[in-house]
Amino acid sequence: MAPTSAFNLQTCARKNILQLVPYRCARDDYKDDGSNILLDANENAYGPSLPFNCPDESEAGIGYDYTHLNRYPDPHQEDLKRLFCNYRNKNPTKPLTPANLFLGVGSDEAIDAVLRCFCIPGRDKILTCPPTYGMYSVSAQVNDVEVIREPLDLVSGEFELRPDAINKRLSEDPTIKLVYICSPGNPTAGTVDPEAVRKVLAHPTWNGVIVVDEAYIDFAPEGSSLAPCVVDHPNLVVMQTLSKAFGLAGIRLGAAFTAPEIARLLNNLKAPYSVSSTTSSLAMAALSPAGLAVKNENVRRLLVQRDRIISELPELPGIGRFLGGFDSNFLLVEILDNNAVPNSGVAKKVYEQLAEEHGVIVRYRGGEAGCTGCLRITVGTEAEVGRLLKKLRETLNAVRGE
Ligand SMILES: *Cc1c(COP(=O)(O)O)cnc(C)c1O
C-alpha cells in the first residue's frame, strides 16, 4: 500500500532540532578495541567506588563486565537496537534496522522526545484520545504545548478510535503536530483497529506525526504490533517498553520504532548517555533467546490469571461489565451501586477500603472519560489474584451494605 501523506519532515519538525549538531565524543572517532588507554572522557581510571568486587563478564553472566562501570555507556547501543529489531521483525523483505530505533529512559523519555522534536512551545498542539495514559498531557504541559482531546468512542463501552473525528480536527488545526494513540489502551486494555490508524495516517493534508504507544503489546495477540509498519510510513512512531511484559520497569528502558529520518532527530536531541550500561546489558539479556523464553512464560502465566479474573470477578456482588478490551495485563471493571448502576462514589470507596483495610492496591479510574464507576485492576500472581478476589468480595459487601 503506497502511503499518500502530506507529511514533510523539513516543515513539520522544529527548525532548531533539524539544525541540531549532535554531541560527539572522541569514541565516535576512535573505536575502543580494548587495547587503547582511554584518557578522553575524564572518567576515573581506578574504577567504580563500590564496596564489593564487581563481577566480570563471566561471573555476572549477563554479557557485561561490571568492572567497566567507570566508563560512560555506549551512546548508540547498536547491539541492543539490533536485538529489538530482530524481536519485532515480521517482514524479511523490508526489515527494521537499528536506524529505525530510538532508545530512551522508559517510553516516558520517548513520549517527551517526540514532543520536543515537533512541537514549538506556546504554539503547537498535540491530540490525545481520552481515556488514555496521563504522561502525554503531563509532557505536553511541561513543554508548554496545548492538548486537544478527541475521545475514543465512549458510547459502546469498547473505546474504539474515531478516525473521522480525529481527521476533522487535524484538517481544522494545522498546529496539531502529534496524535498520541495508546494500543492496547491504558486504561481501556483494548487494541486499536489498525485500519483506524491507517485512516489517520492517510490524512490528505495534515503535516504531522502519529505516535502509537504499545506499552502492553506483548499481552495482545501475536502479530498485533504496528512496529513493522514504520518502514512504510514516514510519519509513524511506535513506542514500546521493557516495563510491562518483560517485567523490567526498574531498569527504565523504552524504545521508539520510526522512519530513520525521525529516529535520527530523536537521537540527536537526547542526552547521549541517558541509557545506562547496566540498563542496556540487562535489556540485552532480556531480548536474548533465553530472556524471551522467560518473558513468554511469565506472560502466559499472567494471561491464565487474567482469564481467571475474567471468569471469577463477575460472580462477586456489585461487579458490572468489563469495559474496553482484554489485550493487556489489567482489566477495567465497573463497580455498581445497590441499584445495579455503575457508581464512581462507590468505586472510590471500594478502592480506598481495599487499600486501607486489606492492603490491596488497585487503581481508581472513575474520573476518566467514559469510565464511570471503574477500577483498573492489574493482573497479579495466582496468590495475589486469590487475595484480590477474596478481599474485593468482603469490601464490596461492606461498602454496598452500608
Ligand atoms: C506503563 C506505560 C508506559 C511505560 O512507560 P515506561 O516509561 O516505559 O515505564 C508507557 N505507556 C503507557 C500507556 C503505559 O501504561
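This is a short tour of the ligand site and of one arginine in a predicted model.

**Stop 1: the ligand and its shell.** Select the ligand and show what surrounds it. You should pick up 13 residues, and the closest are Ser107, Asp213, Thr241, Lys244 and Arg252. Colour that shell by residue class and you get 4 nonpolar, 5 polar and 4 charged residues.

**Stop 2: helix α6.** Which helix gives the largest share of the shell around the ligand? Select residues 106–118: this is helix α6, and 3 residues of the shell come from it.

**Stop 3: polar contacts.** Now put distance labels on the ligand's oxygen atoms. Start with tyrosine 216, where an N or O atom of the side chain sits 2.7 Å from a ligand oxygen. Move on to asparagine 186, which has a polar side-chain atom 2.8 Å from an oxygen of the ligand. Then go to aspartate 108 and look at the backbone this time: a polar atom there is 3.1 Å from a ligand oxygen. With those labels still up, switch on a surface; of the 390 Å² of accessible area that the ligand has on its own, the protein covers 93%.

**Stop 4: arginine 365.** Leave the ligand and select arginine 365, in the loop that links β10 (363–364) to β11 (374–378). Is this arginine buried or exposed? Its relative accessible area is 15%, so arginine 365 counts as buried, the cut-off being under 20%. To see what packs around arginine 365, show its contacts but skip neighbours within four places in sequence: you'll find Pro187, Leu332, Cys371, Cys374, Leu375 and Arg376.

Conventions
Residues are numbered from 1 along each chain as its sequence is written. This is a predicted model: local features need pLDDT of at least 70, side-chain atom pairs count only at pLDDT 80 or more; totals for chains, interfaces and linings use all residues. Side-chain values use heavy atoms; hydrogens and water are left out. Helices (H or I, at least four residues) and strands (E, at least two) are DSSP runs, numbered from the N terminus. Buried means under 20% relative accessible area, exposed over 50%, partly exposed in between (1.4 Å probe, protein chains only). Contact means heavy atoms within 4.5 Å. A residue is near a molecule or strand if one of its heavy atoms lies within 4 Å of it. A polar contact is a pair of N or O atoms within 3.5 Å; within protein, one must be able to donate a hydrogen and the other to accept it, and residues adjacent in sequence count only if both atoms are side-chain atoms. Accessible areas come from the Shrake-Rupley method with a 1.4 Å probe; for residues, only the protein chains shown count as cover. Ala, Val, Leu, Ile, Met, Phe, Trp, Tyr, Cys and Pro count as nonpolar, Asp, Glu, Lys and Arg as charged, and the others, Gly among them, as polar.
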